[in-house]
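Let's take a walk through this model together, one chain at a time. Keep the 3D view open and turn it as you read.

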Amino acid sequence: MQISCSKTLLVLVSLLLVIIAVGPLPVGASQADAATVISSAKDTILDCYDATKDAEAAGANITAIVGTLNEASSFLSQAEFAYTTNDFDVAINLARQSQNILINYISEANILKETATQQQNQDFQINVILSTIGTFAVVAAGLAVWFFTKKKYKNGEV
Amino acid sequence: MNLQRYKVVLLGVTAILALLVGSPALQRFLVLPRTDFFTEMWLLDEEHRAENYPFNVSINERYTGFLGIGNNLGDCAYYLIQLKFRNQTQPAADSLNHTSSSLSSLYNFTVFVADKEVWEMPFSFAFDYAHDNYNQSLLEVRFDELKFNDLGLNIKGYTSVWDPQARVFYGNLFFELWIYNDNVGVFQYHDRYVGLEFNMTSRS
C-alpha cells in the first residue's frame with residue numbers, strides 16, 4: 001500500500017517536472033491580442049504614410065518606398081480578414097509581417113527627404129540664383145554695349 | 001546704320017538673351033498651378049481591355065480582370081477599396097447623391113498611390129451558388145461563397161430572384177473607393193465605384 005502510494009507520488013512529481021521543463025502548453029491567440037497587434041500595425045502604416053508624404057513634399061521619388069508600403073498594407077488587409085474569420089493566430093502573424101516589412105521604412109523615407117531637400121536647394125541655386133544673376137549680367141552687358149556704341153557714334157567713329 | 005537702328009537691334013538681342021538666361025528662374029514662377037485634383041478608377045477585362053466583361057456567370061467558374069487607380073490629387077493618397085456584392089433590390093452606391101452602398105463590405109484592402117502614378121491589380125473571382133427549383137421553374141439563386149483572389153468570402157444569405165423583365169438572376173460585384181482623411185483620421189467615401197453585373201446561370 002505504501003509502495004503503491006509512493007509510486008503514484010513519483011509519477012506525479014515526474015509529470016510535473018516534465019511539464020515545467022517543456023514549458024507552458026501553446027494556446028491559441030486571443031481576439032484581444034490579435035486586435036492589439038493589428039491596431040499597432042495600422043499605426044505603423046500611418047506613421048510610414050506620414051513619412052512618405054513628407055518625402056514626397058520635399059520632391060523625392062517615392063515610387064520604391066510606396067511599393068514597400070503597399071506590400072505591408074497587403075499583409076495588414078489579410079490580417080484583418082483573418083481576424084474577421086476568427087483566425088487570430090494567422091491575423092497576428094500577418095500583422096507582424098506587415099510591421100516587419102516597415103522596420104527601416106521611416107529612416108529610408110527620411111533619407112529620401114533629406115536628399116530631395118538638398119537636391120531642391122541645389123536646383124534653386126542653379127536655376128533661380130544663377131539664372132537671375134545671369135539675366136542681370138546680360139542686361140548690364142547690353143547697357144554697356146549701348147553706352148559704348150553711343151559714345152563711339154557721338155565721336156563719329158561708327 | 002544710324003543710332004536708332006543700333007538701339008533696336010541691341011534691345012532685341014539683349015531681351016532675347018535675357019529671356020534665355022532667365023528662363024530657368026522664370027519657369028519656376030510662370031508655371032500655372034494645378035487646378036484639377038482627382039482620382040481615376042477603372043475595371044478592365046482579362047485581356048486588359050474594356051470590352052469582354054463576364055456577364056453570364058457559371059457556378060464555380062473562375063473569371064479574371066484588372067482593377068486600377070490613378071492618383072492626381074497632388075500628393076500620395078491612402079485608399080481603401082471595399083468589395084461588395086448585391087442583387088437588384090439591394091442598395092448600390094449612388095453617383096448622384098455621392099453616397100456609398102450601405103451594404104457591408106465582403107473584403108477590404110488598402111493601397112497607397114503616389115501623385116501622378118497609377119496602381120493596378122489583377123483579380124479573380126468565382127461564385128458558388130445554387131438555384132432553387134419550384135415546379136420545374138427556377139425562382140431563386142442562393143449564394144454560398146465568393147472566391148476572390150482565392151480567398152473564400154462568405155456570402156451565405158445572399159439571394160437573387162428571377163427578374164422576368166431582364167430575364168436574369170441579377171448579381172452585381174462592385175468595388176467602392178474610400179480615401180484616408182488625414183485631418184480626421186478616418187477613411188471617407190471617395191465617390192468612386194466600379195463594378196460588374198452578372199446573370200447567374202445554372203451552368204456549372
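What follows goes from the helices of one chain to the contact between the chains, and then into the other chain and a few of its residues. Keep in mind that this is a predicted model.

Start with chain A. Its secondary structure comes to 5 helices and 0 strands, so to read it from the N terminus you just follow α-α-α-α-α. Of its 158 residues, 27% are buried. Look at contacts between residues at least 6 apart in sequence, and you'll find that 74% of those in chain A join residues at least 24 apart.

Now zoom in on a pair of helices. α3 of chain A covers residues 63-84 and α4 of chain A covers residues 88-101; their axes come within 8 Å and cross at roughly 165°. That angle makes α3(A) roughly antiparallel to α4(A), because anything over 145 degrees counts that way. The crossing of α3(A) past α4(A) is left-handed. Which residues of α3(A) and α4(A) meet? On the α3(A) side, they include A:Phe75, A:Leu76, A:Ala79 and A:Tyr83, and on the α4(A) side, A:Phe88, A:Leu94, A:Ala95 and A:Ile101 are among them. Sorted by type, the residues of this contact between α3(A) and α4(A) are 12 nonpolar, 4 polar and 1 charged.

Next, pull back until both chains are in view. Here 29 residues of chain A are in contact with 25 residues of chain B. On the chain A side, the elements giving two or more residues are α2 (31-57), α3 and α5 (105-154). Which of the elements gives the most to that side? α5(A) does, with 14 residues. The side of chain A that touches chain B divides into 12 nonpolar, 13 polar and 4 charged residues.

Over to chain B, which has 1 helix and 11 strands. The helix is at the front of the order, read from the N terminus: α-β-β-β-β-β-β-β-β-β-β-β. Is chain B compact or spread out? Its radius of gyration is 27 Å, whereas the globule rule gives 17 Å for 204 residues, so chain B is more spread out than a compact globule. Along the principal axes, its C-alpha atoms fill a box of roughly 110 × 40 × 30 Å. Buried residues account for 23% of the 204 in chain B. For contacts in chain B between residues at least 6 apart in sequence, 62% join residues at least 24 apart.

A few residues of chain B are worth a stop. B:Asn172 sits in strand β10 (residues 168-181). Its C-alpha atom is 5.3 Å from that of B:Arg86, although the two are 86 residues apart along the chain. Leaving out residues up to four places away in sequence, B:Asn172 touches B:Phe85, B:Arg86, B:Ala92, B:Gly195 and B:Glu197. With 17 C-beta neighbours inside 10 Å, B:Asn172 counts as partly exposed.

Finally, check two loops for backbone angles. B:Lys116, in the loop between β5 (107-113) and β6 (117-134) of chain B, has a positive phi of about 60° without being a glycine. B:Lys116 counts as exposed because it has 11 C-beta neighbours inside 10 Å. B:Asn149 lies between β7 (137-148) and β8 (151-154) of chain B, again in a loop. Its phi is also positive, near 45°, and B:Asn149 is not a glycine either. Why does B:Asn149 count as partly exposed? Because it has 14 C-beta neighbours inside 10 Å.

How values were computed:
Residues are numbered from 1 along each chain as its sequence is written. Chains are lettered from A and ligands numbered from 1 in the order in which they are written. This is a predicted model: local features need pLDDT of at least 70, side-chain atom pairs count only at pLDDT 80 or more; totals for chains, interfaces and linings use all residues. Helices (H or I, at least four residues) and strands (E, at least two) are DSSP runs, numbered from the N terminus. The radius of gyration is taken over C-alpha atoms; the globule rule is 2.2 Å times the number of residues to the power 0.38. A residue is buried if 20 or more other C-beta atoms lie within 10 Å of its own, exposed if 12 or fewer, and partly exposed in between; C-beta atoms are placed from the backbone. Two residues are in contact if their C-beta atoms, placed from the backbone, lie within 7 Å. Axes are lines fitted to C-alpha atoms, for helices over the stretch in contact, and angles run from 0 to 180 degrees between N-to-C directions. Angles under 35 degrees count as roughly parallel, over 145 as roughly antiparallel, 65 to 115 as roughly perpendicular and the rest as oblique. A crossing is left-handed if the near helix is turned anticlockwise from the far one by less than a right angle, and right-handed if clockwise. Ala, Val, Leu, Ile, Met, Phe, Trp, Tyr, Cys and Pro count as nonpolar, Asp, Glu, Lys and Arg as charged, and the others, Gly among them, as polar.
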